[in-house]
Each structure stands twice: as C-alpha cells, then as structure tokens.
Amino acid sequence: MLDLAIRGGTIITAADRYTAEIGVLEGRIISIAADVGKARTEIDATGLWIMPGGVDGHVHFAQPTSDGSVMADDFASGTRAAAAGGTTTVLPFAQQIKGRSLRSCVEDYRAKAIGQCYVDIALHLIVTDPTPTVLGQELPALVADGYTSFKVFMTYDDLMLDDGQMLAVFETAQREGALVMVHAEGHDAIRHMTRKLESAGRTEPYWHAEAHHRIAEREATHRAIAHAELIDVPIVIVHVSGPEPLEQIKWARARGRTVYAETCPQYIQLTADDLKGFNMDFEGAKYVCSPPPRDAASQEAIWQGLADGSFDIFSSDHAPFRMNGLQNTGKDTPRARTSFKWVPNGLPGVETRLQILFSEGVSKGRISAERFVALTSTNPAKLYGLYPRKGSITIGGDADLVLWDPAARTTIRQANLHHGADYTPYEGMEVIGVPLHTLLRGQMIASNGQVTGRLGAGEIMSREPSGLK
Ligand code: URP
Ligand code: ZN
Ligand code: ZN
C-alpha cells in the first residue's frame, strides 16, 4: 500500500500539464496514473495545481560578514520561510573567510546546518582567497565531494577577486568540471561613483542605486564573459538587474559561449525609486541590494527575458538583514546613516519568490505555468546537479511538491511571514496564487501559511556536476 495518494489535481511540470494521481512510497513518487490505488493517507487536490517544490538556487543564511552586520536568518528560520513559500530545496553559500582554508570554512558552515533545516539544502561555495592550496587541492577535493559550483565577487572589499584571481578560479573550474557563479559589478567604477556622490553630500540610501550603476554591471558582465571565453569555461551571471548585462549575455551566447543567466524578484517588482523611501529618508535602506533594482524599462526587459528563455533561473538572492538589529547589527545603524555605503546589502525574499513570479507572471499572462516551473524549480535543479531527484514530478524522484491554488488572492504582509527579517520589501503587494500545501519527500511541511514540518527533516545534499545542457 502507498504511503500517500494525491488525487484530483492538475500536474504541471516544466514540459506539460495533465490530470493524474500521484502515489508516494517512502518519500519517493512511485506512480503517476489515472488511479494509483490504495494509500494510508490521501490528499484531495481538486482545483489545485501540483508542481515540483521550488528550488531556490541562491540564498544566504547565517553567512559571516566583516562589518558587524548579522544576517537575520539562520538555517532554521530561513528554511522555515522557504517551506511556507512552497520551496523545498535551497542552495546557500559556504563562504571562505580570507586567510582561512576553504575546507574548514565549509565544515564550520555545514555544522550550523546540521539538524536545523525544514527543507533540503545543498551548498555552493564562495571563493574569496584563491591561494595555490585552495586552487590546487581544496577546490578539486570539494568538487569531488559534490560542491560543484562556486561564486566569485567582482566587488565588495572583503570578498572580491582581482582579474588574475578570477582567471585562476575559472581555470580550476574548467579543469574540475565545476560551474562558477559571478557577481558582476565593477568595483573601481562603484568606488569612483561612491566618492563622487559622498563629496556632493549625496549619502542617503537612494544614492546606492546611482553608485552601483548599470554601466558598472554591464562592464563587469562583459569582463567576466571575456575571462570565461579565454579559459573556455561555462559561467552563471547571477542577479541580472536589467537589459545591459542581459545584452552582454546574449552577445556571448551568439558567439557560442555557455553563459547562464539568473534574475530575481527585486528586478521585476522594485525600482530604484523604492530606495528613496519617504522623501529620501532612511526607509530606502530596506531596498538596498546589489545590483540595485533599476527602472520600469528594465523590468520590462527582464520580463521579456523570462518569457523568451534568456533567463535560465529565477532565484530569490535572499540576503536578509533586519532594519533594526540588536546592537547595530541591522541596516539602520549610526554609521549607515552617514553613508549608503555602510548599509548592509540584501533583501529577504525566499518566502515570497514563488508568489511574486506566479502572480505577476502566470496570473497576468506574461509567462506560462510550465515556464514558471522551469525557472523556479526544474532549471535550478538541473543547473546545480540535483535533477531529477529535485525539480521534477517523475517516478523515482523525491515527492517534493507544492499544491498551488491558482485563483486564491492574498496580500503579502510581514506579519504573516516566517523569515527572521523585521520587514518585507513587498509589504501590501496583492498577489493571485497561493502555495496551499508544501510536501517534502511526501510529508506535509507547510499548509495554509503555517509551517507544520519538523526541524531537522531537511537534509544536506551532495550534488552531481553542474550545468543545464
Ligand atoms: O545585495 C545583495 N545581493 N546581497 C547578497 C550578496 C550577493 O551579492 O548576492
Ligand atoms: Zn552577488
Ligand atoms: Zn546573493
């Protein structure tokens, strides 16, 4: 007998939609049929859409910082929020601290996650100090252990690599068959703009959007692509904010390069004007992230790219800071009030990612439901070596499912969210489409906005080699 039968729903995958029952045994899907037979537990999904649970390919939980700021989510609260929002797998970053062994940083970070997750996780790496030992020994061993993707930064004093270091990391990735994720913003251009704005007394949060200029993003995207071409390695350009970097990516693809593209909710739902807060006050700090949201025309370009397949994945880039953290650990600190450059960068979004894309995309007819599944679940699972166990509704795959009410309406409110941040950038947004039930390996972990899962039920997964094609 089955453990679970889900009857009456419409199954939607990245490829098709149809009506069938799903049978689950020991956490895996073992049958998809008109009638799957008897089960110990039944779910009536009549009127609901059954989609693979969300796979969020880019989140930050409990990541160390160098400026005293503290991320608002640890693994428990971050994965709890993910579950409530219909996401069943997240990929946070194990960050190397400069001067330290990458392996030891990974082990420390893993230790924070053990027994602390409501959904499954798999770790990317962040390489900040590519010493000969890191490049020659640690990274190859970590890739062999299933850490098949790593992020590099082209800006931030404490994280960035110079061009020579980036090329060296690309070379290691090429040799080991790993995928490099690139934060593409030009550091010198940002620093120059920041100094100019500060000397003109333009220090409010809004000016962050001017300092992190779209041209700096375009230039760095091109530079990353050129370096990747030199080494002949695939890369992912993460958190693309507008048409300028996307044009560079399309240019590279036309030259036969493998360049994947990610975008995020903030680039379809926010603009730089949000950083103005109320009349240029500090409220704008709520929206400070890098790259910053741009303008309405950029949003349109992102929508075009989501619809026509230019974007491969849609992630949250969940990087939560409280506005009011204890002892100046949040966004609102005396120092941050002196200049935008001290405001911690990042927004919470792991819980609202699916609802925002569904409502603005599927409900408004900009993208199909199948494309929604591809962008938010199937493609990130494939890109980061988790497919078909994750990101699919298939025999043998994990029964990670979200049962979605496509017609239900709700309003996003901080009061209803589960993350550790003390605000949501999307407060008051009306959305159509609600993740009614989230199932992790056949177990209900969230229902009607309440998390019902067990802390520790989420596993830390190892991954196959990364890459979509
Ligand atoms: O502002 C952002 N995006 N903060 C998170 C770190 C990153 O660059 O992804
Ligand atoms: Zn980044
Ligand atoms: Zn990020």
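**View 1. Who sits around ligand 1 in this predicted model.** The shell around ligand 1 is a mix: 4 of its residues are nonpolar, 7 are polar and 2 are charged. Of these 13 residues, the ones that come nearest are H60, K151, H183, S290 and D317. As for where all this happens, ligand 1 takes up the space of the largest pocket.

**View 2. Polar contacts that reach ligand 1 from three side chains.** Start with H60: an N or O atom of its side chain is 3.2 Å from an oxygen atom of ligand 1. Next comes K151, with a polar side-chain atom 2.8 Å from an oxygen atom of the ligand. With D317, the partner is a nitrogen atom of ligand 1, and a polar atom of the D317 side chain lies 2.7 Å from that nitrogen. How much of ligand 1 does the protein cover? Taken on its own, ligand 1 has 270 Å² of accessible area, and 94% of that is covered by the protein.

**View 3. The zinc ion called ligand 2 and its donors.** Here K151 turns up again, this time holding a metal: its NZ atom coordinates the zinc ion (ligand 2), together with ND1 of H183 and NE2 of H239, at 2.1 Å. Along the sequence, the spacing of these donor residues reads K-x31-H-x55-H. Why does the pair K151 and H183 tie together parts that are 32 residues apart in sequence? K151 belongs to strand 13 (residues 149–153) while H183 belongs to strand 14 (residues 179–183), so the two link those separate parts of the chain. There's a second zinc ion to look for as well: ligand 3 is 4.0 Å from ligand 2.

**View 4. A cis peptide bond at S290 and P291.** S290, one of the residues that come nearest to ligand 1, is joined to P291 by a cis peptide bond with omega at about -10°. To find P291, look in the loop between helix 9 (266–269) and helix 10 (296–308).

**View 5. Another cis bond, from Y387 to P388.** The peptide bond between Y387 and P388 is cis too, and its omega is near 5°. P388 has its place in the loop between helix 12 (369–383) and strand 18 (401–411).

**View 6. Y156 and its positive phi.** Y156 isn't a glycine, yet its phi has a positive value, near 80°. Which loop is Y156 in? The loop in question runs between strand 13 and helix 4 (163–176). That strand is also home to K151.

Conventions
Residues are numbered from 1 along each chain as its sequence is written. Chains are lettered from A and ligands numbered from 1 in the order in which they are written. This is a predicted model: local features need pLDDT of at least 70, side-chain atom pairs count only at pLDDT 80 or more; totals for chains, interfaces and linings use all residues. Side-chain values use heavy atoms; hydrogens and water are left out. A residue is near a molecule or strand if one of its heavy atoms lies within 4 Å of it. A polar contact is a pair of N or O atoms within 3.5 Å; within protein, one must be able to donate a hydrogen and the other to accept it, and residues adjacent in sequence count only if both atoms are side-chain atoms. Accessible areas come from the Shrake-Rupley method with a 1.4 Å probe; for residues, only the protein chains shown count as cover. On a 1 Å grid over the protein atoms alone, a cavity is a set of points where a 1.4 Å probe fits but cannot get out, and a pocket is an open set with protein on both sides within 12 Å along at least five of seven lines; lining residues have an atom within 4 Å of a point. A molecule sits in a cavity or pocket if more than half of its atoms lie within 2 Å of its grid points. Ala, Val, Leu, Ile, Met, Phe, Trp, Tyr, Cys and Pro count as nonpolar, Asp, Glu, Lys and Arg as charged, and the others, Gly among them, as polar. Donors are N, O and S atoms within 2.8 Å of the metal (3.2 Å for Na, K and Ca); water is not among the atoms, so sites may look incomplete. Helices (H or I, at least four residues) and strands (E, at least two) are DSSP runs, numbered from the N terminus.
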